[in-house]
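Work through the exercises below with the structure open beside you. Try each task before reading its solution.

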Amino acid sequence: MHLELLPVAALLRMDTELDGLKREAAELSAKVERAKARVQAAEAEVQRVDAEAKACAERQAAVEKQRKVAAERGRNLKAQLEAGALMDYAAALHQQETLAAQINSLDDAILAEMEAADTLVSARAEAVERKGIAEAWLRDSLEGQRRRRPDLELRHKELVVARREQHGQLRAELRRAYDELRDRKKPILVALVGGACAHCRFSAPPQVIHDVQLGQKLLTCRGCGCWLTGVDEPDEAEDAEEDAG
Ligand SMILES: [Zn+2]
């Protein structure tokens, strides 16, 4: 590598670490937000089930009231029949049958509401359990953030100072080129692999490959503008990737 690229490489390491710190801090916050959202969703589910259970209990009470009225009418009719107080006996018998059918169907409705209430009881228990798990996640993510945040902030503070110093020490021309490459999200330092830029695959002429190998000239890739740091054989690059991965 050309000697002038050493401070560039040092600056790039700092910026890479700073990017990593920012990503980590963002991920810590994102974890907390995700856990909060889960707690809220579980809480909303508990409330929804409670509202549904309330409606179910109200429906059941209304049906029970109807059943009570029908049963009362049935008893009155029976008493009148037994007392022989009715003019139209056949009509009274028919009415009695109708009332019995009505009571049957109301019993079915009551049973259905009771079954729905049972289902809601287990749905509520599940939602409460999910809420408990989500709350534990939230506590963990808050604790993780609380433990890690001070170190991140301290390291960030140190790095910002060191980075400013390192950046200021670069020759003006290098500094401008570095900033521009960073703005364009380029890797900044690239190797030639198999005679081409490892980033943009732009082929380098033999003279450039030779010069980069010697490391005595400061050269950039004509495709992406990144500085060329050295020459790798394709196999070496693959091995390096395997080692890294
Ligand atoms: Zn390139």
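The expected span of a helix is 1.5 Å times one less than its number of residues. The model used here is predicted.

**Exercise 1.** Find out whether the span of helix α2 agrees or disagrees with its number of residues.

Solution. Helix α2 covers residues 89–169, which is 81 residues. At 1.5 Å a residue, a span of 120 Å is expected. The end C-alpha atoms are 113 Å apart, so the two values agree. The helix also has a kink of about 35 degrees at R148, shortly before the proline P150.

**Exercise 2.** Decide whether K65 is buried, partly exposed or exposed.

Solution. Start with the location: K65 lies in helix α1, residues 5–83. Next, take the cut-off: a residue with 12 or fewer other C-beta atoms within 10 Å is exposed. K65 has 11 such neighbours, so K65 counts as exposed.

**Exercise 3.** Which residues of α2 are buried, and what helps to cover them?

Solution. The buried residues of α2 include E113, L120, A127 and A134. Part of the cover over the buried residues of α2 comes from α1.

**Exercise 4.** Which members of the largest nonpolar core touch the most other members, and which elements each supply at least two of its residues?

Solution. The core has 18 residues, and V190, L192, C226, W227 and L228 touch the most other members. At least two residues of this core come from each of α1, α3 (172–183), β1 (189–193) and β3 (227–232). Another core, of six residues, lies apart from it; A35, A42, A127 and A134 are among its members.

Technical notes
Residues are numbered from 1 along each chain as its sequence is written. This is a predicted model: local features need pLDDT of at least 70, side-chain atom pairs count only at pLDDT 80 or more; totals for chains, interfaces and linings use all residues. Helices (H or I, at least four residues) and strands (E, at least two) are DSSP runs, numbered from the N terminus. A residue is buried if 20 or more other C-beta atoms lie within 10 Å of its own, exposed if 12 or fewer, and partly exposed in between; C-beta atoms are placed from the backbone. A nonpolar core is a set of buried Ala, Val, Leu, Ile, Met, Phe, Trp, Tyr and Cys residues joined through C-beta atoms within 7 Å. The bend at a residue is the angle between axes fitted to the seven residues ending there and the seven starting there. Two residues are in contact if their C-beta atoms, placed from the backbone, lie within 7 Å.
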